[in-house]
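Let's take a walk through this structure together. Keep the picture open while you read, and look for each part as it comes up.

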There are 2 protein chains.
Amino acid sequence: MNNDEKGQANGGREPGFRGVEARPRNWLVPVILLSLREWNSYGYELMERASNFGFEAMNPGTLYRTLRQMEKDGVVESSWETSRGGPARRMYTITDAGRAYLDFWARSLEQYQQTMDTFFRLYTGRPLQDKPDEKK
Amino acid sequence: MNNDEKGQANGGREPGFRGVEARPRNWLVPVILLSLREWNSYGYELMERASNFGFEAMNPGTLYRTLRQMEKDGVVESSWETSRGGPARRMYTITDAGRAYLDFWARSLEQYQQTMDTFFRLYTGRPLQDKPDEKK
DNA sequence: CATATATATATGTAGAATGCACATAGAGTA
DNA sequence: TACTCTATGTGCATTCTACATATATATATG
């Protein structure tokens with residue numbers, strides 16, 4: 001709903017809505033933390049693994065910037081790995097705070113699933129409430 | 001993960017994470033459209049109805065600005081209602097494009113639910129893949 | 001009548017999230 | 001040498017959204 005191409009009413013045809021994915025904010029952070037909880041990793045590899053969560057063709061800039069911010073926030077720690085061929089890698093490790101954050105987010109996600117249920121109940125045509133009378 | 005109060009590792013205690021709700025982007029737009037699909041309404045009333053979706057204490061500015069943007073995008077239309085007591089109301093009606101947008105969003109939401117299932121499967125300890133060997 | 005309150009809509013500003021484009025650099029290989 | 005793969009980043013613009021504040025009308029209350 002935020003570009004020129006979307007355009008006017010198109011009578012119910014499949015619209016070319018961009019940026020209309022029902023994806024929560026901060027999705028990337030928990031996905032990274034979940035990956036790091038399994039095993040330590042680095043940006044380039046995390047990018048591939050993130051695609052398992054629907055982050056297809058993840059753009060590198062967003063990922064690397066997010067990782068640096070996460071380190072500032074204390075949910076991950078990093079160190080350079082230079083003991084092998086190829087460019088140096090910044091290896092990341094999840095912290096205790098990171099695990100706590102992940103748990104918190106998972107609980108929040110459960111709550112959100114209930115909200116989605118409510119949405120679908122209304123969407124599929126079973127209103128939760130009748131139209132109230134005009135007040136006063 | 002974006003404020004000073006979150007702070008450092010806290011060893012798994014319940015953290016005071018702010019803004020860490022698993023809430024999707026653009027949630028407000030479909031909620032408004034869903035409300036308007038049931039019956040025409042206006043900002044002040046929509047604000048109350050939005051609270052049914054977990055938008056507690058919605059701040060008015062966000063809602064009214066969103067409504068105006070939605071009209072620009074062609075998913076709603078509005079007209080002033082002055083034929084009654086009290087301040088004038090801007091009454092909103094959903095358009096065909098709005099209905100199309102809502103349908104699109106709902107389908108997107110279904111896709112996203114699968115992604116969440118994947119997330120929870122990993123979170124609760126059943127990895128989808130083993131750690132691959134170091135390449136090359 | 002004056003003032004307060006409820007109703008109703010809106011702007012200004014700032015910060016966070018995010019996408020897109022582009023920049024940098026090491027190591028192997030043709 | 002040039003090219004490609006691997007790997008990490010920055011700059012810029014847009015969007016989303018929270019918070020504070022402004023405006024106006026009608027009704028209730030003293």
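## Two rings on one helix

Start with F119(A) and Y123(A), which both sit in helix α4 of chain A. They are four residues apart, or about one turn of the helix. Are these two buried or exposed? Both F119(A) and Y123(A) turn out to be buried.

This is a predicted model, by the way, so every number here is computed from predicted coordinates. Over all chains, the count of aromatic pairs comes to 10. In the case of F119(A) and Y123(A), the ring centres lie 6.2 Å apart and the planes meet at 5°, so this pair is stacked. Why quote both values? Two aromatic rings are described by how far apart their centres are and by the angle of their planes.

## More company for the rings

Some rings join up into a group. Ring pairs link W27(A) and W105(A) with F119(B), F120(B) and Y123(B), which makes a cluster with members from chain A and chain B.

A ring can also have a charge for a neighbour. In chain A, the charged end of R49(A) sits over the ring of W39(A), 3.7 Å from the ring centre. Now look at chain B: R49(B) lies over the face of W39(B), and the distance to the ring centre is 3.7 Å.

## How chain A is put together

How many helices and strands does chain A have? It has four helices and three strands. If you follow the sequence from its start, they come in the pattern α-β-α-α-β-β-α.

The three strands of chain A make an open sheet, with antiparallel pairing and the order β1-β3-β2. The edges belong to β1 (41–42) and β2 (76–81) of chain A; each has a single partner strand, so one side of each has no neighbour in the sheet. Between β2(A) and β3(A) there are six bridges, in the antiparallel sense. For one of the residues to find on screen, try W80(A): its bridge partner in β3(A) is R90(A).

## A look at strands in chain B

In chain B, go to strand β3 (residues 89–94). This strand is mostly covered, with five of its six residues buried. β3(B) pairs with strand β1 (residues 41–42) of chain B over two antiparallel bridges, and with strand β2 (residues 76–81) of chain B over six antiparallel bridges.

Which residue of β3(B) is the bridge partner of S41(B)? That would be Y92(B). Y92(B) also has S78(B) standing opposite.

## Inside and outside of chain A

Chain A has 136 residues, and 46% of them are buried. On the outside, chain A exposes about 7,600 Å², with carbon and sulfur atoms supplying 45% of that area.

Contacts tell you how the chain meets itself. Take the contacts in chain A with a separation of 6 or more: 45% of them are between residues 24 or more positions apart.

## How far to trust it

The average pLDDT of chain A is 75, and 69% of its residues score at least 70. Where in chain A is the confidence lowest, and where is it highest? Helix α4 (residues 96–123) of chain A has the lowest mean, 85, while strand β3 (residues 89–94) of chain A has the highest, 96.

Be careful with residues 1–19 of chain A, where pLDDT stays under 50. The model has 33 contacts beyond four places in sequence for this stretch. Where pLDDT is low, though, the predicted coordinates should not be read in detail.

Technical notes
Residues numbered from 1 in each chain as written. Chains lettered and ligands numbered in written order. Predicted model: local features only at pLDDT ≥ 70, side-chain atom pairs only at ≥ 80, totals over all residues. Heavy atoms only, no water. pLDDT = per-residue confidence, 0-100. Contact = heavy atoms within 4.5 Å. Phe/Tyr/Trp six-rings, centres within 6.5 Å; stacked < 30°, edge-to-face > 60°. Buried < 20%, exposed > 50% of the residue type's maximum accessible area, 1.4 Å probe, protein only. Lys NZ or Arg CZ within 6 Å of the ring centre and 35° of its normal. Pairing = 2+ DSSP bridges. Areas by Shrake-Rupley, 256 points an atom, 1.4 Å probe, with all protein chains shown as cover.
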